[in-house]
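Trainee: I would like to learn how to read the features of a structure one at a time. Could we take a case and work through it together?

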Amino acid sequence: MNVHEKLLHVQQNLKASKNQYNRFGEFYYRSCEDIQEAVKPLLAEVKAVLLICDDVVLVGSRFYIKATAKFQDTESPDCITNTAYARENEEKPKMDAAQITGSCSSYARKYALNGLFCIDDAKDPDCPQGQQDNKKQSGKKTRQTERKLQISNADLNELRKEAERTGTSLKKVCARYLVNDISELSREQYLRAMSAFSKMETLPPPAPDGQYEMDLSGMETPFR
């Protein structure tokens, strides 16, 4: 295999999982060291070595760390390189100058390796669309968020009482907020519904088919 075929083999077989957990940001991530550890067996397979070096470059008035990752074929002089940059923060709480530079170096090296080995970090928290890559963790957080937004049984009872007091069909409430059942209302929708009910007088229950028409104009209006 030539150097490009060897790199292709590594790119297709490298599995660098996100085993690190950031408790502050509550997300999983992979570090530069995780990638290096995962790629070692594949380097042995294809008889290649990985070399990484840093350079400090000045751009304008700011210093950047330029990291270069080199995939070197041991059976020929051929190699493939990729570079990435990271800017040093002017200051970072609880870090001295050496730690800031070291953190910046690790960040730049990680993305140099990402580019070299085609590791897709599009869902990492430090990217524009930052989201978790761990499906179980993401699903758990989504369910937790949904539970926080859903209303309680006591709220549902209050909503039913208001519907009965004003002679409003709960189907109208569901229709307004595009849900199948009032138990699916979010906390915000519940508060809006209660606001609408507060503007309505006490009326006898409507006919089964409903005798009041909803007024959808303006802000949160009564359910007729």
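Mentor: Let us begin with Lys6, keeping in mind that this is a predicted model.

Trainee: Is Lys6 buried or exposed?

Mentor: The general idea is to compare the relative accessible area with a cut-off, and a residue under 20% counts as buried. Lys6 has a relative accessible area of 2%, and therefore it is buried.

Trainee: With which residue does Asp73 form a salt bridge?

Mentor: Asp73 forms this salt bridge with Lys6, and the closest N and O atoms of the two are 2.6 Å apart. The pair links distant parts of the chain, since Asp73 belongs to strand β4 while Lys6 belongs to helix α1, which covers residues 3-13, and 67 residues separate them. Asp73 has a relative accessible area of 4%, so this residue is buried, and Lys6, at 2%, is buried as well.

Trainee: How many salt bridges does the structure hold?

Mentor: The structure holds seven salt bridges. One of them joins Lys40 to Glu37, with the closest N and O atoms 3.6 Å apart. Because Lys40 and Glu37 are three residues apart in helix α2, about one helical turn separates them. Glu37 has a relative accessible area of 51%, and since exposed means over 50%, this residue counts as exposed.

Trainee: Where do Arg165 and Glu162 lie?

Mentor: Both Arg165 and Glu162 lie in helix α5, which spans residues 153-166, and they are three residues apart, about one turn of the helix. They form a salt bridge in which the closest N and O atoms are 2.9 Å apart. Arg165 is partly exposed, with a relative accessible area of 24%, whereas Glu162, at 17% relative accessibility, counts as buried. Returning to the residue we began with, salt bridges that share partners join Lys6, Lys47, Asp73 and Glu75 into one network.

Trainee: Which strand is joined to strand β4 by nine bridges?

Mentor: The partner is strand β5, covering residues 79-87, and it runs antiparallel to strand β4, which covers residues 62-73. Within this pairing, Ala67 stands opposite Ala84 in β5. The connection from β4 to β5 is a hairpin of five residues.

Trainee: What describes a pair of aromatic rings?

Mentor: Such a pair is described by the distance between the ring centres and by the angle between the ring planes. In this structure there are two aromatic pairs. Tyr21 and Tyr28 form one that is tilted, at 4.8 Å centre to centre and with 50° between the planes. Tyr21 counts as partly exposed at 32% relative accessibility, and Tyr28 counts as partly exposed at 23%. Tyr107 and Tyr111 also form a tilted pair, with 4.9 Å centre to centre and 45° between the planes.

Trainee: Where do Tyr107 and Tyr111 lie?

Mentor: Both are in helix α3, which runs over residues 97-117, and they are four residues apart, about one turn of the helix. Tyr107 has a relative accessible area of 36% and is partly exposed.

Trainee: With which residues is Asp34 in contact, leaving aside its neighbours within four places in sequence?

Mentor: With that restriction, Asp34 is in contact with Gln20 and Tyr29. Asp34 lies in helix α2, which covers residues 32-46, and at 17% relative accessibility it counts as buried. A polar atom of the Asp34 side chain lies 3.0 Å from the backbone nitrogen of Ser31. Measures along the sequence and through space should be read side by side, and here Asp34 and Lys18 are 16 residues apart in sequence and 8.1 Å apart in space, C-alpha to C-alpha.

Trainee: How many helices and strands are there in the chain?

Mentor: The chain has seven helices and five strands, and from the N terminus on its elements run α-β-β-α-β-β-β-α-α-α-α-α. Of its 224 residues, 33% count as buried. Among contacts between residues at least 6 apart in sequence, 56% join residues at least 24 apart. The accessible surface of the chain comes to about 14400 Å², and 50% of that surface belongs to carbon and sulfur atoms.

Methods. Residues are numbered from 1 along each chain as its sequence is written. This is a predicted model: local features need pLDDT of at least 70, side-chain atom pairs count only at pLDDT 80 or more; totals for chains, interfaces and linings use all residues. Side-chain values use heavy atoms; hydrogens and water are left out. Helices (H or I, at least four residues) and strands (E, at least two) are DSSP runs, numbered from the N terminus. Buried means under 20% relative accessible area, exposed over 50%, partly exposed in between (1.4 Å probe, protein chains only). Contact means heavy atoms within 4.5 Å. A polar contact is a pair of N or O atoms within 3.5 Å; within protein, one must be able to donate a hydrogen and the other to accept it, and residues adjacent in sequence count only if both atoms are side-chain atoms. Two strands pair if DSSP finds at least two bridges between them. Rings of Phe, Tyr and Trp (its six-membered ring) pair if their centres lie within 6.5 Å; planes under 30 degrees apart count as stacked, over 60 as edge-to-face and the rest as tilted. A salt bridge is a side-chain nitrogen of Lys or Arg within 4 Å of a carboxyl oxygen of Asp or Glu. Accessible areas come from the Shrake-Rupley method with a 1.4 Å probe; for residues, only the protein chains shown count as cover.
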